[in-house]
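Welcome! Here is a short briefing to help you find your way around a structure that is new to you. Take a look at it first, then read on.

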Amino acid sequence: MGTMYYFVFQYRQGALNAFVTWIGFEKIDYFSNSYISIAIIILVNSLQFVGVSMVIYLAGLQTLDQSVIEAAKIDGASGKKMLWNITLPLLRPAFTTSVILNLIGGLKLYDVIVVLTGGGPGYATHSMSTYISSVYFSNQQAGYASAIGVVLFLSIAVVTVFANKLLNRFAGEDGK
């Protein structure tokens with residue numbers, strides 16, 4: 001994904017800049033601005049996980065309790081009411097799973113950043129994973145990189161537990 005979108009957003013021969021110049025505007029150096037670089041990384045990472053999320057939602061839809069849906073139809077529920085009151089509440093576990101997996105994937109993001117920006121401009125787009133790589137390979141500080149890796153693991157674990165509790169509370173699944 002990173003390589004494909006690198007060729008889209010590249011300054012000199014990128015597909016997007018070819019289109020921009022074709023319609024009469026000047027080329028844009030997308031990766032020289034840290035805000036645009038971060039937005040592009042978020043976009044690419046989001047598109048990367050869309051397929052996984054759709055598979056999770058499809059699995060959730062296939063496991064819906066058909067007796068509940070049939071009962072709602074017998075009671076005269078319309079399509080909109082069935083969606084909001086039956087289907088979406090029954091998909092909450094799939095939604096929670098998708099959010100947690102995407103959150104973990106975003107927190108340990110490495111490959112897209114390295115391919116698109118290399119952590120630049122400056123250090124604006126570095127993640128913990130790219131910083132670990134930089135410390136280990138550029139500075140040759142294996143112990144420090146290892147310690148950062150442990151902190152990254154603990155951070156992901158804490159954020160995941162917190163997000164899971166928050167999503168379960170929002171979904172009303174913990175009985176509170």
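The points below are grouped by topic.

This is a predicted model. A good place to begin is helix α3, which covers residues 34-62. From there we move to a loop with a cis peptide bond and then to a glutamine with a positive phi.

**Helix α3: length and bend**

- The 29 residues of α3 should span 42 Å at 1.5 Å a residue, and this agrees with its end C-alpha atoms, which are 42 Å apart.
- Where does α3 bend? The bend is at valine 50, and it is about 35 degrees.

**Helix α3: the buried residues**

- Eight names are worth finding here: Ser37, Ile40, Ile41, Val44, Asn45, Ser53, Ile56 and Gly60 are the buried residues of α3.
- These buried residues pack against α1 (residues 2-9), and they also pack against α6 (residues 92-107) and α7.
- In an α-helix there are 3.6 residues a turn, so residues three or four places apart point the same way.

**The nonpolar surface patch**

- Met1, Met4, Leu43, Leu47, Val50 and Met54 make a nonpolar patch of about 520 Å² on the surface.
- Which helix gives the most to this patch? Helix α3 does, with 4 residues.
- Valine 50 lies in α3 and is partly exposed, because its relative accessibility is 40%, in between the limits of 20% and 50%.
- Methionine 54 is also placed in α3, and with a relative accessible area of 47% it counts as partly exposed.
- Valine 50 and asparagine 102 are 52 residues apart in sequence, yet their C-alpha atoms are 9.2 Å apart in space.

**The loop between α7 and α8**

- Threonine 117 sits in the loop between α7 (111-116) and α8 (128-138).
- Is threonine 117 buried or exposed? Threonine 117 is buried, since its relative accessible area is 17% and the cut-off for buried is under 20%.
- Beyond its neighbours within four places in sequence, threonine 117 touches Phe31, Ser37, Ile41 and Thr125; Ser37 and Ile41 are among the buried residues of α3.
- Proline 121 is found in this loop too, and the peptide bond leading to it from glycine 120 is cis, with omega near 0 degrees.

**The loop between α8 and α9**

- Glutamine 140 is in the loop between α8 and α9 (142-171).
- Although it is not a glycine, glutamine 140 has a positive phi of about 55 degrees.
- Glutamine 140 is exposed, at 68% relative accessibility.

Terms used:
Residues are numbered from 1 along each chain as its sequence is written. This is a predicted model: local features need pLDDT of at least 70, side-chain atom pairs count only at pLDDT 80 or more; totals for chains, interfaces and linings use all residues. Side-chain values use heavy atoms; hydrogens and water are left out. Patches are made of residues with over 30% relative accessible area and no salt bridge: like charges are joined within 9 Å, nonpolar side chains (Val, Leu, Ile, Met, Phe, Trp, Tyr) within 5 Å. Accessible areas come from the Shrake-Rupley method with a 1.4 Å probe; for residues, only the protein chains shown count as cover. A salt bridge is a side-chain nitrogen of Lys or Arg within 4 Å of a carboxyl oxygen of Asp or Glu. Helices (H or I, at least four residues) and strands (E, at least two) are DSSP runs, numbered from the N terminus. Buried means under 20% relative accessible area, exposed over 50%, partly exposed in between (1.4 Å probe, protein chains only). Contact means heavy atoms within 4.5 Å. The expected span of a helix is 1.5 Å times one less than its number of residues. The bend at a residue is the angle between axes fitted to the seven residues ending there and the seven starting there.
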